[in-house]
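Work through the exercises below with the model open. Try each task before you read its solution.

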Amino acid sequence: MTAHFITLDGIDGAGKTTQLAVIREWFAAQGRPVLFTREPGGTPLGEALRRLLLNPKTQAGLRAETLLMFAARAQHIESVILPALEGGVSVVSDRFTDATFAYQGGGRGLPEADIARLEQWVQGSLRPSLTILLDVPLEVSLRRIERSRTKDRFEQEEADFFTRVRQAYLARAAAAPERYAVIDSSRSKAVVRRDIEAALEKLFA
């Protein structure tokens, strides 16, 4: 069986947790081997860095924040993602480098070229086969965040920040439509499920 690297991304409140369950069910129904992971995280080092990066009390400059993201990613790729793919197991990651371009780039203003250099250094030729980008209007995202959980370091940002993050995601998808499936996740769960399953079926056809 062909193994693919798939990422699920989008602004906070886009519904990634719900749709990860949909993806799990699809792989189970297909009988395809798959590994689910997340960023930052996926390894003991990555999880430690995740706790640091999401902690509202953490004070980190933009460069430090970005380098920590890529430190977690380097370990993740080396010890989790590549071994799985080389073993014929597909990998589904909750967030990947698109999130860095969107949050540290679009949201915080780090030049895209700086992120691209780190991307090339850390990832080499590794890129997702498919990125499922969940998109919702900003008001939907903020409403979901407010009612669902205690806010982490990024979720505490102002609305303008998330507007820029969303714009960055959509710009990346528009620039490489062959890799992205942009899915409006403000619609009914059944409709979103249908679109996600269609994207997966196209990838593995």
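A cavity is a set of grid points where a 1.4 Å probe fits but cannot get out, and a lining residue has an atom within 4 Å of such a point. The model used here is predicted.

**Exercise 1. The enclosed space**

Find how many cavities of 30 Å³ or more there are, and list what lines the largest cavity.

*Solution.*
Step 1: count. There is one cavity of 30 Å³ or more.
Step 2: take the volume. The largest cavity holds about 30 Å³.
Step 3: list the lining. Phe96, Thr97, Asp98, Glu119, Gln123, Arg127, Pro128, Arg172 and Arg179 line the largest cavity.
Step 4: assign elements. Helix 4 and helix 5 each give two or more residues to this lining.
Step 5: sort by class. Five lining residues are charged, two are polar and two are nonpolar.

**Exercise 2. Helix 4**

Decide how far helix 4 is enclosed, and identify its packing partners.

*Solution.*
Step 1: apply the cut-off. Buried means under 20% relative accessible area.
Step 2: count. Of the 11 residues of helix 4, 10 are buried, so the rest of the structure largely encloses this helix.
Step 3: name them. The buried residues are Thr97, Asp98, Ala99, Thr100, Phe101, Ala102, Tyr103, Gln104, Gly105 and Gly107.
Step 4: find the partners. These buried residues pack against three strands and three helices by name: strand 1 (5-9), strand 4 (130-135), strand 5, helix 3, helix 5 and helix 7.
Step 5: check the ends. Arginine 95 sits in the loop between strand 3 (90-94) and helix 4. Arginine 95 has a positive phi of about 80 degrees, although it is not a glycine. With 12% relative accessibility, arginine 95 counts as buried. Just after helix 4, glycine 109 also has a positive phi, of about 95 degrees.

**Exercise 3. Helix 5**

Compare the span of helix 5 with the expected value, then separate its buried side from its exposed side.

*Solution.*
Step 1: take the span. Helix 5 (residues 112-123) has 12 residues and reaches 16 Å from its first C-alpha to its last, close to the 16 Å expected at 1.5 Å a residue.
Step 2: list the buried residues. They are Ile115, Leu118, Glu119, Val122 and Gln123.
Step 3: place them around the axis. Their arc is only 105 degrees, which puts them on the same side of helix 5.
Step 4: recall the geometry. An α-helix has 3.6 residues a turn, so residues three or four places apart point the same way.
Step 5: turn to the other face. Arg117 and Trp121 are exposed on the face turned away from the buried side.
Step 6: find the partners. The buried residues of helix 5 pack against helix 3 (62-86), helix 4 (97-107) and helix 7 (159-175).
Step 7: look past the end. Glycine 124, just after helix 5, takes a positive phi of about 60 degrees.

**Exercise 4. Helix 7**

Repeat the analysis for helix 7.

*Solution.*
Step 1: take the span. Helix 7 has 17 residues and reaches 25 Å between its first and last C-alpha, close to the 24 Å expected at 1.5 Å a residue.
Step 2: list the buried residues. They are Phe161, Phe162, Val165, Ala168, Tyr169, Arg172 and Ala173.
Step 3: read the arc. The buried residues fall within 130 degrees seen down the axis, so they line one face of helix 7.
Step 4: turn to the other face. The face turned away carries the exposed residues Asp160, Ala174 and Ala175.
Step 5: link back. Arg172 is also one of the residues that line the largest cavity.

**Exercise 5. The second largest pocket**

Describe the lining of the second largest pocket by residue, element and class.

*Solution.*
Step 1: take the volume. The second largest pocket has about 170 Å³ of space.
Step 2: list the lining. Ser129, Leu130, Pro177, Glu178, Tyr180, Ala181, Ala199, Lys202 and Leu203 line this pocket.
Step 3: assign elements. Strand 5 (180-184) and helix 8 (189-204) each supply at least two residues. Helix 8 gives the most, with three.
Step 4: sort by class. The lining has six nonpolar residues, one polar and two charged.

**Exercise 6. Two loops**

Characterise proline 40 and aspartate 152.

*Solution.*
Step 1: locate proline 40. It is in the loop between strand 2 (34-38) and helix 2 (44-54).
Step 2: check its peptide bond. The bond from glutamate 39 to proline 40 is cis, with omega near -15 degrees.
Step 3: locate aspartate 152. It lies in the loop between helix 6 (138-148) and helix 7.
Step 4: test burial. Aspartate 152 has a relative accessible area of 17% and is buried.
Step 5: find contacts. Beyond its neighbours within four places in sequence, aspartate 152 is in contact with Leu54 and Pro56.

Conventions. Residues are numbered from 1 along each chain as its sequence is written. This is a predicted model: local features need pLDDT of at least 70, side-chain atom pairs count only at pLDDT 80 or more; totals for chains, interfaces and linings use all residues. Side-chain values use heavy atoms; hydrogens and water are left out. Helices (H or I, at least four residues) and strands (E, at least two) are DSSP runs, numbered from the N terminus. The expected span of a helix is 1.5 Å times one less than its number of residues. Buried means under 20% relative accessible area, exposed over 50%, partly exposed in between (1.4 Å probe, protein chains only). The arc is that of the directions from the helix axis to the C-beta atoms. Contact means heavy atoms within 4.5 Å. On a 1 Å grid over the protein atoms alone, a cavity is a set of points where a 1.4 Å probe fits but cannot get out, and a pocket is an open set with protein on both sides within 12 Å along at least five of seven lines; lining residues have an atom within 4 Å of a point. Grid points are joined across faces, edges and corners, and a volume is the space filled by probe spheres set on the points. Ala, Val, Leu, Ile, Met, Phe, Trp, Tyr, Cys and Pro count as nonpolar, Asp, Glu, Lys and Arg as charged, and the others, Gly among them, as polar.
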